[in-house]
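Below, a few structural terms are taken one at a time and set against their definitions.

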Amino acid sequence: MKTRDFVILGAFVLIVGLSFLFVSIFSEKGKSANVYVKGELVKEIDLSVNDEYQIQEDFVLIVENGKIRVKETNCSDQTCLHMGETNSSSKPLLCVPNGIYVEVEGNIEDVIIG
Amino acid sequence: MKRVLALFFFLCLFGCEKKELNSTIYAYGTNISINLYEGEKDDLNKVKEIFYHYYYLADYENERDLVNVCTLNKIAFNEEVVVSEDFFNMISDGIECYSLTNGNCNIAIGAASYKWHEMIKDKDNNIDILQNETDNVSIDDVILNREKLSIKFNNKFLKIDLGAIAKGYALREVIDYLEEKKIEKYLINAGTSSIGVGRNKENGDYNIHIIDPTDVGKTFKSFKASKKCVSTSGDYQDYFEYEGEKYHHILNKSLNVSHIYKSVTVIGDDALKVDALSTGLFSVDIDEARQMLEKTGYSAIFYLDDKTVVEL
């Protein structure tokens, strides 16, 4: 009886351990950025793939080496263009005139204000 | 045996991460990202509802079937307009921001501040014409009657614009709600210029980094904070340049733009006051700024036009 209990427990621990491992490996690989236009989620971008994304006319995002930045914008102040690249949840990209907000998924401990 | 297994299941459940409640909404001309690490879905919905509620009340252009800013600006000259209690409090607290900032955050110059926003879009630098819009309106021309919950304007040029403070007002209401529900782990990021931080997911402080106004891809100052509101006003959002001069969006008392600072960041408890001060401090010299801050006990970080940084 006792031995069987240990076997069951052992198997249980193994299954739980493996599933945690699986989940952590799985979640590591897909770092992505959410693009909102006026509060509406319009695109989810995989940061592991180098590519360009036209969000609207004259507004283009580009992903290079795991980082995302604004490539083209028609906005008046061009502040979003100057924000540079990001791969961190603490540094969203914001284009106020176009109402576009790009947020990288992840745990937030750092916040950028300005 | 059963007990051991039950304990195991319990531990597993306990170990599972609780689902986070995140949402991004568009209001007050910006994207507001709401992150709650405690609470229920209903709390997230309530937070969104509060943001939208005050956004609609502060709407300058549309009435939205409400009695709001747009309604007052249409009909309140020489007429007592009865409003909801929420709206009355919003206006009355908005008026208090005037004395808090020595008149540098003035909700009564709406005609000028609204026009200036339109002019910035068109890159029209003829800022002197703003004088004609307000024709000596005074904040005292807004007549409040708390018993009747009515508001009246004594000057026909008076238009209210809550643009500088509506977001801060709503954020304060949101934080009051979260405190009431004992939700302490949260981050509300209202377009990166106003934030309300509780504690982070691990129950610790957040690291806050202020954007460098001369290179917005970088930050120039970092500090830790929890259970605070932080607001920044800067000359690098919502501006245009004409013949080397920067025309930003923050109007001073003389209906012009000041070039004392490139950004001002205020840290304090009350989101409304923090928001109003970041606007108000932007237009006054450092001595007057110190006096204004002393009244509240809040701290501020100034990035001056000559790139020096002053902390008060």
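Q: What makes strands 8(A), 8(B) and 9(B) an open sheet, and in which order do they stand?

A: In this predicted model, for which local features need pLDDT of at least 70, side-chain atom pairs count only at pLDDT 80 or more, and totals for chains, interfaces and linings use all residues, the 3 strands run in the order 8(A)-8(B)-9(B) with mixed pairing. Residues are numbered from 1 along each chain as its sequence is written, chains are lettered from A and ligands numbered from 1 in the order in which they are written, and side-chain values use heavy atoms, with hydrogens and water left out. Strand 8 of chain A and strand 9 of chain B each have a single partner strand, so one side of each lacks a neighbour in the sheet. Neighbouring strands here are turned by 30 degrees against each other on average, direction ignored.

Q: Why are strand 8 of chain A and strand 8 of chain B called paired?

A: Strands (E, at least two residues) are DSSP runs numbered from the N terminus, as are helices (H or I, at least four residues). Two strands pair if DSSP finds at least two bridges between them; strand 8 (residues 110-113) of chain A and strand 8 of chain B have 4 bridges, in the parallel sense, and therefore meet the definition. Ile112(A) stands opposite His209(B), and Asp110(A) stands opposite Asn207(B).

Q: What is the contact between chain B and chain A made of?

A: With contact meaning heavy atoms within 4.5 Å, 41 residues come from chain B and 30 residues from chain A. The buried area, that is the accessible area (1.4 Å probe) that two parts lose on being put together, summed over both, is about 3400 Å², of which carbon and sulfur atoms give 61%.

Q: How many salt bridges does the rule find across the interface of chain B and chain A?

A: The rule asks for a side-chain nitrogen of Lys or Arg within 4 Å of a carboxyl oxygen of Asp or Glu, and across this interface it finds 0.

Q: What makes the order 1-2-6-7-10-13-14-15 in chain B an open sheet?

A: The 8 strands pair in the antiparallel sense, and strand 1 and strand 15 (309-311) stand at the edges, each with a single partner strand, so one side of each is left without a neighbour in the sheet. The twist averages 10 degrees from one strand to the next. At one of these edges, strand 14 (residues 299-304) and strand 15 of chain B pair over 3 bridges, with Ile301(B) opposite Glu311(B).

How values were computed
Axes are lines fitted to C-alpha atoms, for helices over the stretch in contact, and angles run from 0 to 180 degrees between N-to-C directions.
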